[in-house]
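Colleague: Please take a close look at a single part of this structure and describe it in detail. Start from one residue and continue to the contact between the chains.

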Amino acid sequence: MEPLPADTNLYLQGFAPLIQLWAGICLLFFYEPLLNGFPFKSLSDEVKSLYEGFLNQFNGLIPKDTISPEEYVKDHWSNHFVPTVKCVASMCFFYSVFILAFIGIEGNPKYGGGYYPALQVMDTIVCIYIVAAIVFYRYKIFHGFSSSTILFIILLIYFHSHFKINDFCCNYYVLGPILDLSQITIYTVFTCISGVILVCVRLLIIWIVLQGQKRSVNKIYRDFQIFANYNLGKIKRDALPENKYSRIMKRCNEKFKRGEIIVIDANAFQDAMKEEIAKEYRDFTNRWWIKLY
Amino acid sequence: MCTPLEEYRTYLNKLVEAKSPLLFSNGGKDYASILMSILLKHTKKSIHMFCEGFKPDLIKSPEYWNALKKYLNQKGKELHVIVNSEDYVTEEPLKALFEEQKKREFDGTIQVRLISEKGRNMIKDQFNDALNNFAVFDDDMYRLEYDPQNYMAVGSFNQPNDVCLLQTLFKNVFEISNPLTSNGAIAS
């Protein structure tokens, strides 16, 4: 008698310890003091202090209708991001626990294998929900545990009624498995850990935005130093470093060409500097990538 | 909204206590008053100032005025002022300086002078044709007003090189300026 060919499919059972670990990690995110003490929280504080410093350092050169530092950063951590992290973490936790329970019945031919196509649908719904939560984190629906709990209950109902729904749908479409068993297993494991990964990606984006803002402030400070040196007379008018100070000089030259100024003197230079810093302020608060906070 | 005054004061206090070399902008009367009061408070030995006329509109703002009075009460601390105009000799700020001169028996620690034409040109030469007001505090702090009408200035709490430049200019102009009394300038 020939031996039966080995089953080469990947099953969730093999990933149980990993899923357990991720469930534990997600559970940690429920604890708000931990989130508030999270090293990344300092990013939000850093953005706030960068903005405050900018407002104060360029006092008098910034438009009067500025927004307060509290207003500027209020969306970025405690008010929105922490509740969103809790929402995402709770979804991943519920789902991981469910998968761990599913692993218990996985080997049973009656209850296990047949439900794999259901996992494929559930994975997709959970992934869409997590991505939506990360992208639209300002919306209250993605804050806290409510929406994740409701969605999880709906998913359980779907799982329970999978065959009925499938039979019903088969009258209209063929809802067969798009992925094979191994692919569904990998997809499910990814879904369990996707929340934490996407939260980290989000934090990385915040960090990149912060670096962009810092560079921007450093640049305007370098221009401001030249402006101060000009006012101190350390740089004479005809020796202005045009290459280093191109934006200001360009502004002056354009005004000169339009006949708005007769000569590029100290006043023209000051006005251009003021306009440049006002523009920098507007950019500082309106750049498209600031919306990624 | 503008930066709240209290927040701005806190910011400047942090810079001065850390002896930060950061350059900053300073604009508007209330903000200028806060900066000047902080500079006066942290001055250990001398102030050298060139201004339009020691005009009361900024100096008499409560914060600045109180800090100046405290500074003048500390005997031995120097205040040398060059004014561009003698129009304000009868106003309170200058009168307070003249009284202090008397109290100190004209020991030279408080001196007020009226700028000469040559001195004015020296300042313009230095500042790219602008008659910028400036004040130097000890050997490291300064405020340079490039738009006196709007009290727009740059400043720092720790820039010895810039201060040295301004000190040298001040001394050169001071030497060729005429002493000013409550009765007007004394021709040399």
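Modeller: K70(B) is found in helix α4 of chain B, which covers residues 62-73. Everything here refers to a predicted model. The relative accessibility of K70(B) is 61%, so this lysine counts as exposed, the cut-off being over 50%. Its C-alpha atom lies 8.7 Å from that of L40(B), although the two are 30 residues apart along the chain.

N84(B) gives the opposite case in the same chain. N84(B) sits in the loop that runs between strand β3 (78-83) and helix α5 (92-103) of chain B. With a relative accessibility of 15%, N84(B) counts as buried, because the limit for that class is under 20%. The side chain of N84(B) makes a polar contact of 2.7 Å with the side chain of R120(B). Leaving aside residues up to four places away in sequence, N84(B) touches F50(B), C51(B), E52(B), L114(B), I115(B), R120(B) and L131(B).

Next comes the contact between the chains. Chain A and chain B each bring 30 residues to it. Together they bury about 2,400 Å², and carbon and sulfur atoms account for 52% of that area. On the side of chain A, 28% of the area buried against chain B comes from N56(A), N59(A) and L232(A), more than from any other three residues.

As for specific pairs, one salt bridge is found across the interface. It joins K234(A) to D162(B), with 2.4 Å between the closest N and O atoms. Ten residue pairs are in polar contact across the interface, counting pairs with both residues at pLDDT 80 or more. In chain A, the elements that give two or more residues to the side touching chain B are α3 (41-57), α9 (181-232) and α11 (266-286). Of these, α9(A) gives the most, with eight residues. By type, the residues on this side of chain A are 13 nonpolar, eleven polar and six charged.

A word on confidence in chain A. Its mean pLDDT is 79, and 81% of its residues score at least 70. Among the elements of chain A, helix α7 (residues 146-160) has the highest mean pLDDT, at 91, and helix α4 (residues 69-73) of chain A the lowest, at 64.

Note on methods. Residues numbered from 1 in each chain as written. Chains lettered and ligands numbered in written order. Heavy atoms only, no water. Contact = heavy atoms within 4.5 Å. Buried area = accessible area lost by both parts, 1.4 Å probe. Salt bridge = Lys/Arg side-chain N within 4 Å of Asp/Glu carboxyl O. Polar contact = N/O pair within 3.5 Å; in protein donor to acceptor, adjacent residues only side chain to side chain. Helix = DSSP H or I, 4+ residues; strand = E, 2+ residues; numbered from the N terminus. Nonpolar A, V, L, I, M, F, W, Y, C, P; charged D, E, K, R; others polar. pLDDT = per-residue confidence, 0-100. Buried < 20%, exposed > 50% of the residue type's maximum accessible area, 1.4 Å probe, protein only.
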